[in-house]
Amino acid sequence: MATKSSMYAMYEAVQHEMRQRKDMTWLFELTPAVASNPGTPVINLEKEFGRTRVNNTGIDEMWMAGATLGAGLVGTTAVTYIPYQGSQVPFELIQNHAGKLRYMSGGDAAMPVVFIVEISGQAAGFGGQHSDYECDSYYTHIPGVKVVIPSRPYDAKGMMASAIRDPNPVVYLFPQALRQLSEEVPDEQFTVPLDKAAVRTTGSDLTIVSSGAGMVGVMEATAQLQKLGMKVEAIDLRSLKPMDTATLVASVQKTKRLLTFDQSYYTLSPGAEVVARVAENVVGARFKRIAFPDAPPPASPEMFNWMRPNASHIVAAATKFLG
Amino acid sequence: MSDQLTQATTNEMSSTTTTRRTLLKGFAAAGAAVTLAGKAWADGEIGYWAKDLPNEKLIEMYQTILRIRWFERTLADKQLSDRSFRNLIHLYAGQEAVATGVCAALNNKGAFSEIDVIYGTHRPTGHALAKGVDMKKLAAEYNFKATGLNGGYAGEMHLADKSVGYIGADGIVGPAAVLAAGSAFAFRARGSKQVAVVFGGDGTYATPAFHSSLNNAALLKLPFIYVVENNLYHQFAHYSYSCPMKDIATAASTYRIPGIVVDGQDVMEVYNKMKEAVERARAGEGPTLIEAKTYRYYAHWGAPGAKVGEMGSFGYDPQAITSWRPERELRAWLSRDPVDICRNTLVSWGVIDQAKAAAIEAAMKQEVKEAFEWEAKQPLCKPEDALKNVFIEGTVAARQFG
């Protein structure tokens with residue numbers, strides 16, 4: 001047990017599985033296959049497993065995703081880390097191939113693969129293309145691929161272990177903002193389910209739902225609201241597909257108020273899906289959505305910081321909701 | 001030659017005209033079989049590995065070519081005459097020697113962890129049958145039957161049969177190359193001697209995946225072979241619309257790998273070059289690009305301009321947008337038919353005689369006939385099965401009922 005960053009915790013999970021499976025491969029590009037953390041050993045996948053298994057590719061995300069899928073199709077567990085700059089380049093391969101091959105082949109194809117899709121969008125100054133948090137929605141719409149998004153180091157490790165062990169293709173969204181979040185994470189391998197949301201705080205006044213990088217603002221806002229006497233149930237989706245409808249519905253049955261919080265754009269954000277599922281199943285619930293406007297993120301900090309949803313937006317909206 | 005060809009009747013044992021057969025018999029007798037087969041050998045090319053194959057193997061290759069030929073001709077005739085025919089077809093007739101020669105050089109039987117794998121195209125019949133897919137199940141899958149190769153989920157364009165190393169047809173032109181090179185990457189990572197092959201048409205030269213797969217396979221010295229089936233047209237456009245070279249194999253020099261042009265109508269030539277490429281791959285020497293010059297007798301899909309009992313799509317093609325093929329071009333290719341070339345080679349080598357050749361063809365026609373008869377009796381899919389197989393486990397929820 002030690003304090004670990006999300007990045008280090010995730011690499012721990014990968015290293016463990018690569019030690020168990022002598023064929024397992026890892027393809028990376030800009031993000032070195034190295035993770036370090038104060039007080040714990042350095043993880044260097046390339047050094048430990050060699051360059052026939054761990055490969056630094058060129059700027060060719062189609063190759064990274066395609067090779068990973070092709071390796072999976074012949075029985076090798078394969079993982080690739082797609083950096084945020086190329087997060088959408090392999091979309092067709094994941095949508096039309098990984099997502100459909102099992103089905104189209106009537107059960108013949110097996111793809112034990114994980115596509116780590118790094119997503120960014122949290123810092124002013126980066127601007128439009130370098131802020132692509134919206135990938136959460138794009139990948140979630142694909143049938144045949146599981147889509148998960150951890151929000152903390154513990155889940156980053158446990159969900160990576162589960163994703164690698166899952167015999168289906170998994171898109172593991174990795175918000176860049178979480179790379180340096182730290183918390184206590186066990187040293188031994190453990191798993192976190194890929195289909196369960198996590199109820200972070202319990203309460204009966206208001207349900208707040210978010211995922212990934214959004215959870216930082218949600219937890220901050222929840223703490224403030226609780227100080228103001230509001231009983232908030234904060235739910236971390238963790239899995240976008242399959243989405244844990246049961247947990248969401250049970251919560252809003254209790255609170256009758258749902259506020260969704262997205263770092264991605266308003267139209268078709270994950271929060272929209274949450275609202276739809278709850279609305280189908282809970283009579284008399286009321287809804288509020290907070291999301292990034294339907295605009296590419298600007299570089300200017302004044303504009304960006306004003307646009308990006310944060311804890312203060314949640315506090316204000318929640319107060320109005322209950323008031 | 002062309003006058004004689006217009007008298008074509010095809011209700012014969014041979015798949016071409018009686019007059020042409022007589023002509024070719026004469027050529028063979030004169031030892032001129034070499035003009036149709038083994039030309040490269042006669043020109044001094046060293047290494048004619050096909051000559052060392054045992055008779056059984058050579059006969060198997062002839063049988064495979066015939067299986068593909070008659071399967072495709074049956075599909076074409078059905079489309080033209082059977083109102084209940086609902087299949088989508090992209091006919092491979094004319095290209096049989098390529099799939100046959102390539103697969104003859106691969107390991108197609110054994111454990112999945114040991115056999116070679118191929119990735120095919122939306123024109124899958126040849127690749128599937130040459131790799132060893134069950135013909136009955138193929139026919140049933142094309143007609144979306146529940147007992148088809150892929151349970152009716154695939155249809156023609158997404159066939160897959162892992163048990164013989166046919167990872168699958170890929171309905172989208174392009175990405176299969178990267179997947180295949182990825183499989184080769186896995187083979188090298190696990191220290192296996194397996195080889196991954198992708199078939200792609202001349203149209204794939206323009207796709208990003210062509211270049212990505214060759215670049216990465218070359219960089220990593222992967223056991224990957226790209227077989228370009230250049231049938232001169234991608235859909236309806238001549239390949240000069242999308243490729244700046246006459247020989248697509250020239251592209252190999254960019255990646256510092258061997259690029260081989262081969263006569264795709266001569267199964268022995270295809271086998272020879274493929275065998276060399278496979279040995280290079282297994283020895284860890286990296287990828288090869290093979291360009292097979294070939295031709296499809298029918299249109300991109302379906303059989304427009306064709307007649308029941310005659311082979312080939314002639315005349316105006318209502319699907320053609322950019323260019324359509326001159327009839328005389330088609331007839332020129334028909335006169336160098338892969339079935340004839342293979343048969344003449346085997347006869348001139350004394351492997352079979354004409355009577356045996358005819359008997360083999362009759363047997364293959366019968367096998368095809370029985371496959372389609374079997375298919376006709378197979379059940380349709382259960383609609384609810386549509387919710388299965390999205391993931392390995394479970395079913396998804398029905399959402400269409402509100």
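Begin by selecting A:Val209 together with A:Ile235, its bridge partner in strand S13 of chain A, and keep in mind throughout that the model is predicted. Widen the selection to the two strands, and you will find that S12 (residues 206–210) and S13 (residues 232–236) of chain A pair in the parallel sense over five bridges. Next, bring in the helices that lie on this part of chain A: H12 (residues 311–322) packs on the sheet, where it touches S12, S15 and S16 of chain A, and its direction makes about 155° with that of S15(A). Helix H10 (residues 270–281) of chain A likewise lies across S12, S15 (257–265) and S16 of chain A, and it runs at about 155° to S15(A).

Now display the whole sheet, which is open and consists of five strands of chain A in the order S11-S13-S12-S15-S16, with mixed pairing. At its edges you will see S11 (198–201) and S16 (286–292) of chain A, each of which pairs on one side only. Looking along the sheet, you can follow a twist that averages 25° from one strand to the next.

Stay in chain A and select strand S7 (residues 113–119), where seven of the seven residues are buried. Which residues lie on each side of this strand? On one side are A:Val113, A:Phe115, A:Val117 and A:Ile119, on the other are A:Val114, A:Ile116 and A:Glu118, and all of them are buried, so that both faces of S7(A) are covered. In a regular strand the side chains alternate between the two faces of the sheet.

The pairing of S7(A) is the next thing to trace. Strand S6 (residues 78–82) of chain A runs parallel to S7(A) and is joined to it by five bridges; to see one of the residue pairs, select A:Tyr81 and its bridge partner A:Ile116. Strand S9 (residues 170–175) of chain A also runs parallel to S7(A), here with six bridges, and A:Phe115 has A:Val171 as its bridge partner in S9(A).

Then show both chains and select the residues at their contact, which takes 35 residues from chain A and 34 residues from chain B. On the side of chain A that touches chain B, the elements giving two or more residues are helices H3 (61–73), H4 (91–98) and H5 (101–104) of chain A, and the largest share, nine residues, comes from H3(A). If you colour this side of chain A by class, it has 15 nonpolar, 15 polar and five charged residues.

Move on to chain B, whose secondary structure comes to 13 helices and eight strands. Of its 402 residues, 51% count as buried, and among the contacts in chain B between residues at least 6 apart in sequence, 73% join residues at least 24 apart.

For the last stop, select helices H4 (residues 55–81) and H13 (residues 354–376) of chain B, which pack at an angle of about 45° with their axes 9 Å apart. This angle makes H4(B) oblique to H13(B), and the crossing in which H4(B) passes H13(B) is right-handed. To see where they meet, show B:Tyr62, B:Gln63, B:Leu66, B:Arg67, B:Trp70, B:Phe71 and B:Thr74 in H4(B), and opposite these B:Ile360, B:Glu361, B:Met364, B:Lys365, B:Glu367, B:Val368 and B:Phe372 in H13(B). By class, this contact of H4(B) with H13(B) has eight nonpolar, two polar and four charged residues.

Terms used: Residues are numbered from 1 along each chain as its sequence is written. Chains are lettered from A and ligands numbered from 1 in the order in which they are written. This is a predicted model: local features need pLDDT of at least 70, side-chain atom pairs count only at pLDDT 80 or more; totals for chains, interfaces and linings use all residues. Axes are lines fitted to C-alpha atoms, for helices over the stretch in contact, and angles run from 0 to 180 degrees between N-to-C directions. Helices (H or I, at least four residues) and strands (E, at least two) are DSSP runs, numbered from the N terminus. Angles under 35 degrees count as roughly parallel, over 145 as roughly antiparallel, 65 to 115 as roughly perpendicular and the rest as oblique. A crossing is left-handed if the near helix is turned anticlockwise from the far one by less than a right angle, and right-handed if clockwise. Two residues are in contact if their C-beta atoms, placed from the backbone, lie within 7 Å. Ala, Val, Leu, Ile, Met, Phe, Trp, Tyr, Cys and Pro count as nonpolar, Asp, Glu, Lys and Arg as charged, and the others, Gly among them, as polar. Two strands pair if DSSP finds at least two bridges between them. A residue is buried if 20 or more other C-beta atoms lie within 10 Å of its own, exposed if 12 or fewer, and partly exposed in between; C-beta atoms are placed from the backbone.
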